[in-house]
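Colleague: Could you take one part of this model and walk me through it closely? I'd like to hear how its surroundings look, and then how that fits with the chain as a whole.

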Amino acid sequence: MKVRVCAILKKKGDPMKYQEYKIYPAAEQLDALTEALTALGLEELIISDPKDAALFEGEGDGYLWNVIEGELLESIRTEASVSFYLAEDGVLPAGAADLLQQYPVSRAIVDDEDWLHKWEEYYVPMKLSDHVVVKPVWRSYDPQEGELVVDIDPGMAFGTGSSPTSYLVVRLMEKYLREGDDLIDVGSGTGILSIVGVKLGAGKITALDLDPEAIRATKENLALNRCEGDVTVLQSDLLAALDGSQKADVIVANIFSPLIVKLAPSVPAHCKENAVFIASGIIDDKEETCRRAIEEAGFEILEIIHDDCWVAMAARLK
């Protein structure tokens, strides 16, 4: 079970009921369904993938820990599903009804106490690379020598660190971000990549996101990690809030494929000489589209890495 995209949809103290939609695709359809739902604006998803059970049982590549047991683990082994929640009087976004008709779906009205913190059971410390660990603030973790630990409280913003897109981009950051490099984090979400930048020794860091909840979450998580003074946080539609004088050595964007294509032409204006652009959040069938957009913007592809159906790219400005 990977909580690839998750969020808290209410503020504490606001008793409410919610619509719970649970979709049951074939396991091989999970990533395409996730991409389709997020494209419709349904970004608060809990995803159960049977092949992930091995990771919780210590049989995988080591980025999850054995903290889930019993009935919860058994359900992960046997059932692929994607769940999301709407307010009791909320309506599905345009196009969602047609999408849901393609799969078995259950719908129920649930109390917030039934589900609000349910996803926290699944959210465990994640080892994004050999050195970087992201952990929820409500869990304890004893770091090993040389590990950099990022504490995260997702709040209502995108980004828990559990997505393959997160550990792909972190691994590229470790490779291409040098100590003292200036960093721009486009679509900061919960601020994970900005915090990783601080811990890797980046110089000036700017975090950008259009969503006010992401701005709030980024600031709160920077404070949790005692690095709020190291990052400038701005509300921005991609790079729009920056003037032409602000340039970086590394620009990272862990967003969605259509936004990568939209963003790419504006990136060179904010690049220093030989700057590196790292793009993640790309579903595999959009790899060629994103690669072409990045190259047409004046970059040379340095490296493309994959995990499951997700792709990340590092490119250098020519």
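Modeller: Let's start with L224, keeping in mind that this is a predicted model. L224 has a relative accessible area of 33%, so it counts as partly exposed: that value falls between the 20% mark for buried and the 50% mark for exposed. You'll find L224 in helix α8, which covers residues 212-224. Together with V137 and W138, L224 makes a nonpolar surface patch of about 210 Å². For the wider setting, the accessible surface of the protein chain is about 13,600 Å², and carbon and sulfur atoms account for 48% of that.

Now for a contrast, have a look at S129. With a relative accessibility of just 5%, S129 is under the 20% cut-off and therefore counts as buried. S129 sits in the loop that links β6 (126-127) to β7 (132-136). A polar atom of the S129 side chain lies 3.1 Å from the backbone nitrogen of V132. Leaving aside residues up to four places away in sequence, S129 touches V170, R171 and E174.

Stepping back to the protein chain, it has 318 residues, and 54% of them are buried. Its secondary structure adds up to ten helices and 15 strands. As for how the chain contacts itself, take the contacts between residues at least 6 apart in sequence: 71% of those join residues at least 24 apart.

Notes. Residues numbered from 1 in each chain as written. Predicted model: local features only at pLDDT ≥ 70, side-chain atom pairs only at ≥ 80, totals over all residues. Heavy atoms only, no water. Helix = DSSP H or I, 4+ residues; strand = E, 2+ residues; numbered from the N terminus. Buried < 20%, exposed > 50% of the residue type's maximum accessible area, 1.4 Å probe, protein only. Polar contact = N/O pair within 3.5 Å; in protein donor to acceptor, adjacent residues only side chain to side chain. Contact = heavy atoms within 4.5 Å. Areas by Shrake-Rupley, 256 points an atom, 1.4 Å probe, with all protein chains shown as cover. Patch = residues over 30% accessible without salt bridge, like charges linked within 9 Å, V, L, I, M, F, W, Y side chains within 5 Å. Salt bridge = Lys/Arg side-chain N within 4 Å of Asp/Glu carboxyl O.
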